[in-house]
Amino acid sequence: MRVLGVDPGLTRCGVGVVEGLAGRPLTMIGVGVVRTPVDAELGQRLVAVEQGIEQWLDEYRPECVAVERVFSQHNVRTVMGTAQASAVAMLCAARRGIPVALHTPSEVKAAVTGSGRADKAQVGAMVTRLLRLDAPPKPADAADALALAICHIWRAPAQNRLQQAVALHAATARKGRTA
């Protein structure tokens, strides 16, 4: 499975591609950051994020896109920019028919480090170890994007089985009502 992880941001949008399967060694295929100028108009910045994401989708052809779920912070302006960049990433994937998965920051941290309260240095260290890199990817947004991709690769099989079980239960319940 090849996954593009996206750590959304309006100034720095982390992107990373990881390939592998749960329970097997993972491989980093690419990592980077889509940057936009802080003094540009919002619309221009969103177009720049879109163009950057589209380039990554063209070059790496992921099977899935994992995006960090935006959560409420104290700074509303930061949340808005993050949410807008997140929506752009989801739109780019959806336009191509690529499935999108959302993962919370604590879910990603727990998957990668074992603790949902891990700090950025711990996430970077574990990403480096799990992908057998020489050094943690810089900036932290890039490491976070790789962590999102790793989280999705590891959690997708269990989530798919759970969704199938729920669908089967619902179908069985409907069948029982019509019988």
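The following paragraphs describe the sheet, the helices, the nonpolar cores and the cysteines of a predicted model.

The sheet is open and is formed by five strands in the order β3-β2-β1-β4-β5, with mixed pairing. Its edges are occupied by β3 (27-35) and β5 (100-103), each of which pairs on one side only. Averaged over the sheet and with direction ignored, neighbouring strands are turned by 20° against each other. In general, the strands of a sheet pair through backbone hydrogen bonds, and they may do so in either a parallel or an antiparallel manner. Both manners can be followed from β1, which runs antiparallel to β2, with six bridges joining the two, and parallel to β4, to which four bridges join it. The connection from β1 to β2 is a hairpin through four residues. Val3 illustrates both pairings, since its bridge partner in β2 is Val18, while in β4 it stands opposite Cys64. On the other side of the order, β2 (residues 12-19) pairs with β3 in the antiparallel sense over eight bridges, and one pair of bridge partners consists of Arg12 and, in β3, Arg35.

The strand β1 is mostly covered, with six of its six residues buried. In a regular strand the side chains alternate between the two faces of the sheet. In β1, Arg2, Leu4 and Val6 lie on one side and Val3, Gly5 and Asp7 on the other, and with all of these residues buried, both faces of the strand are covered.

Helix α1 (residues 42-60) packs on this sheet, where it touches β1 (2-7), β2, β3 and β4 (64-68), and its direction makes about 160° with that of β3. The helix has 19 residues and reaches 27 Å from its first C-alpha to its last, which is close to the 27 Å expected at 1.5 Å a residue. Its buried residues are Arg45, Val49, Gly52, Ile53, Glu54, Trp56, Leu57 and Tyr60, and their cover includes the strands β1, β2, β3 and β4 together with the helix α2 (76-95). Just after α1, Arg61 takes a positive phi of about 45°.

A comparable description applies to α2, which has 20 residues and reaches 28 Å between its first and last C-alpha atoms, close to the 28 Å expected at 1.5 Å a residue. Buried in this helix are Val79, Gly81, Thr82, Ala85, Ser86, Val88, Ala89, Cys92 and Ala93, and what covers the buried residues of α2 includes β1, α1, β4 and β5. Just after α2, a positive phi of about 75° is found at Gly97.

The largest nonpolar core contains 20 residues, of which Val18, Val127, Leu131 and Ile150 touch the most other members. Two or more residues are given to this core by each of β4, α3 (105-113), α4 and α5 (140-178), and the largest share, seven residues, comes from α5. The surroundings of Val18 may serve as an example: leaving aside residues up to four places away in sequence, Val18 touches Met1, Arg2, Val3, Leu26, Thr27, Ile29, Leu131, Leu146, Ala149, Ile150 and Ile153. Apart from the largest core lies another, of 19 residues, among them Leu4, Val49, Tyr60 and Val65.

Leu130 belongs to helix α4 (residues 120-130). This residue counts as partly exposed because its relative accessibility is 22%, whereas a buried residue would have to fall under 20%. When residues up to four places away in sequence are not counted, Leu130 touches Leu26, Val112, Ile150 and Trp154. Its C-alpha atom is separated by 9.6 Å from that of Ala147, a residue 17 places away along the chain.

Finally, a search of the whole structure finds zero disulfides. For Cys13, the closest cysteine sulfur is that of Cys92, and because the two sulfur atoms are 9.5 Å apart, they are too far from each other for a bond, the cut-off for a disulfide being 2.5 Å. Seen from Cys92, the closest cysteine sulfur is likewise that of Cys13, at 9.5 Å. Both residues count as buried, Cys13 with a relative accessible area of 0% and Cys92 at 0% relative accessibility.

Note on methods: Residues numbered from 1 in each chain as written. Predicted model: local features only at pLDDT ≥ 70, side-chain atom pairs only at ≥ 80, totals over all residues. Heavy atoms only, no water. Pairing = 2+ DSSP bridges. Axes fitted to C-alpha atoms, helices over the stretch in contact; angles between N-to-C directions. Contact = heavy atoms within 4.5 Å. Expected span 1.5 Å × (residues − 1). Buried < 20%, exposed > 50% of the residue type's maximum accessible area, 1.4 Å probe, protein only. Core = buried A, V, L, I, M, F, W, Y, C linked by side-chain atoms within 4.5 Å.
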